[in-house]
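Colleague: Please take a close look at the salt bridges in this model. I would like to know which residues take part and where they sit.

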Amino acid sequence: MNRLMRLYYYGVLGGIGGLFGWQLSNLLGLSFTPNLYLSEIIVGALIGLCIGALIGLSEGLVTRNLLHALRLALFSALLGAAGGALGLPIAEGMYQLLGGQVWLRPLGWGLFGLLIGLAAAFKGGAQMWKGGLGGFLGGTLGGLLLEAARMALASSLLGKAAGLILLGASTGVCIALIVFLLSRAWLEVTSGKLKGSEFILDKFLKPDGPSAFIGSSALKADIVLPDPDIAPQHAMLKGNGSHFTLKDMSLSGTFINNKKIEVARLSNRQTIRMGNTQMVYHEKR
């Protein structure tokens with residue numbers, strides 16, 4: 001899935017998550033407990049859970065890895081729920097404490113987006129601070145749009161619906177956008193079932209960081225390629241701070257620029273072939 005389609009999926013699914021959150025929050029309202037802030041914690045957690053789950057699900061869907069999608073959706077839903085439970089009461093508390101300034105509320109939603117962005121980056125290949133930054137910017141922008149929709153639409157119900165859809169979409173788009181704008185290394189699949197997909201490699205680049213395994217098994221590989229001619233753990237990427245080395249771990253072989261390798265240092269624009277799948281390695285200096 002190319003970058004534009006990734007932005008599309010993150011935005012659309014984030015918006016759908018906001019719509020689900022709107023429906024759940026309408027069922028409960030904001031006064032179902034005597035304590036207003038307790039009500040906001042619960043409602044915020046439900047909204048965050050819905051948006052977080054759908055944004056997490058989108059990363060697995062764009063790489064066509066159902067198991068990865070479900071794991072990421074669960075992890076992102078939990079952090080989204082935590083972010084919503086903190087963000088909504090903090091937003092309302094700042095609004096009340098500092099004189100009813102509407103622009104203060106979006107900062108609480110920025111915290112919500114921050115945690116969802118951290119979840120998406122942790123389970124993907126991006127460095128966590130990049131996902132967190134994208135989530136914070138998206139949550140803050142979405143919070144502004146939420147307040148604007150509430151004030152612009154005559155119906156408070158429709159204003160809330162539009163605002164939460166915009167909040168989810170903004171959070172998803174900004175996470176995907178910031179991660180790709182700041183990414184240093186990635187693999188682009190140019191042939192095979194995942195043609196057009198891109199895998200960010202930044203978090204594997206540090207010398208003391210984890211290795212990235214490439215293979216066909218969702219349980220054994222970090223980068224999963226659905227190709228019967230690729231071994232469950234076909235090759236290993238190891239970061240050295242400024243570059244990657246690629247080590248073959250298969251019987252059928254790994255090829256760089258059509259030459260079979262055992263261990264090789266990767267350079268920008270090199271072509272990697274495993275089984276019937278071909279990828280291009282990209283890096284930014």
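Modeller: What follows covers the salt bridges one pair after the other. The model is predicted, so I note the terms: local features need pLDDT of at least 70, side-chain atom pairs count only at pLDDT 80 or more, and totals for chains, interfaces and linings use all residues. Residues are numbered from 1 along each chain as its sequence is written, and side-chain values use heavy atoms, with hydrogens and water left out.

Side chains of opposite charge can pair when their charged atoms come close. A salt bridge here is a side-chain nitrogen of Lys or Arg within 4 Å of a carboxyl oxygen of Asp or Glu. The structure holds two of them.

One joins Lys130 to Asp202, with 2.6 Å between the closest N and O atoms. This pair links distant parts of the chain, 72 residues apart: Lys130 is in helix α5 (residues 128-152), and Asp202 is in the loop between β2 (198-200) and β3 (212-215). Helices (H or I, at least four residues) and strands (E, at least two) are DSSP runs, numbered from the N terminus. Lys130 is buried at 3% relative accessibility, and Asp202 is buried with a relative accessible area of 3%. Buried means under 20% relative accessible area, exposed over 50%, and partly exposed in between (1.4 Å probe, protein chains only).

The other salt bridge is between the side chains of Glu147 and Arg150, at 3.2 Å from N to O. Both residues lie in helix α5, three residues apart, which is about one turn of the helix. Glu147 is buried at 5% relative accessibility, whereas Arg150 is partly exposed at 35%.
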